[in-house]
Amino acid sequence: KNMALFTANVILNGWKNNVIKDSVFSLITKLNNNKDESKNMVDDGFNQRMRICSLSVLANSLEVISKNRHGGGDGGTAELQLKLSNDEWVEDGGILWSLLE
């Protein structure tokens with residue numbers, strides 16, 4: 001449980017130099033930003049699979065944080081809500097915008 005919570009926090013909040021978080025977020029938003037650039041079907045297929053994996057990692061991280069909060073952990077509802085209202089999530093080109101497009 002502690003390892004899953006640590007991993008979820010790294011995905012959502014970053015750690016050290018934010019390489020993991022930035023990679024996951026970039027793979028999620030990248031597909032929509034580069035629709036017209038790539039005409040290579042192999043690259044498109046790979047990018048789609050990587051995006052699906054990144055979305056799965058993000059979903060699992062949100063689930064772990066949510067379960068920890070509901071299970072009596074100190075996950076912090078306010079901290080999670082603050083994170084989800086961050087520009088990185090809601091601005092034009094952010095994670096939520098990319099998911100809705």
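Helices (H or I, at least four residues) and strands (E, at least two) are DSSP runs, numbered from the N terminus. Residues are numbered from 1 along each chain as its sequence is written. This is a predicted model, so a few ground rules apply: local features need pLDDT of at least 70, side-chain atom pairs count only at pLDDT 80 or more, totals for chains, interfaces and linings use all residues, and side-chain values use heavy atoms, with hydrogens and water left out.

**Exercise 1.** Work out which elements the protein has and where confidence is highest and lowest.

*Solution.* Start with the count: there are 6 helices and 0 strands. Read from the N terminus, that gives α-α-α-α-α-α. Next comes pLDDT, the predictor's confidence in each residue, from 0 to 100. Its mean over the protein is 77, with 70% of residues at 70 or more. Helix 1 (residues 2–13) has the highest confidence, at 87, while helix 4 (residues 77–84) has the lowest, at a mean of 66. Keep in mind that where pLDDT is low, the predicted coordinates should not be read in detail.

**Exercise 2.** Check the span of helix 1 and list its buried residues.

*Solution.* The expected span is 1.5 Å times one less than the number of residues. Helix 1 has 12 residues, so it should span 16 Å, and its end C-alpha atoms are indeed 16 Å apart. Now for burial (buried is under 20% relative accessible area, exposed over 50%, partly exposed in between; 1.4 Å probe, protein chains only). In helix 1 the buried residues are Leu5, Ala8, Val10, Ile11 and Leu12.

**Exercise 3.** Find which residues after helix 1 take a positive phi.

*Solution.* Gly14, just after helix 1, has a positive phi of about 80 degrees. Then there's Asn18, at about 65 degrees despite not being a glycine. As background, most residues other than glycine have a negative phi. Asn18 sits in the loop between helix 1 and helix 2 (19–33). Its relative accessible area is 27%, so Asn18 counts as partly exposed.

**Exercise 4.** Is Trp89 buried or exposed, and how far is it from Phe25?

*Solution.* First locate Trp89: it belongs to helix 5 (residues 87–90). Its relative accessibility is 2%, so Trp89 is buried. Trp89 and Phe25 are 64 residues apart in sequence, yet their C-alpha atoms are 9.4 Å apart in space. For the whole protein, take contacts (heavy atoms within 4.5 Å) with a separation of 6 or more: 57% of them join residues 24 or more positions apart. To finish, 27% of the 101 residues count as buried.
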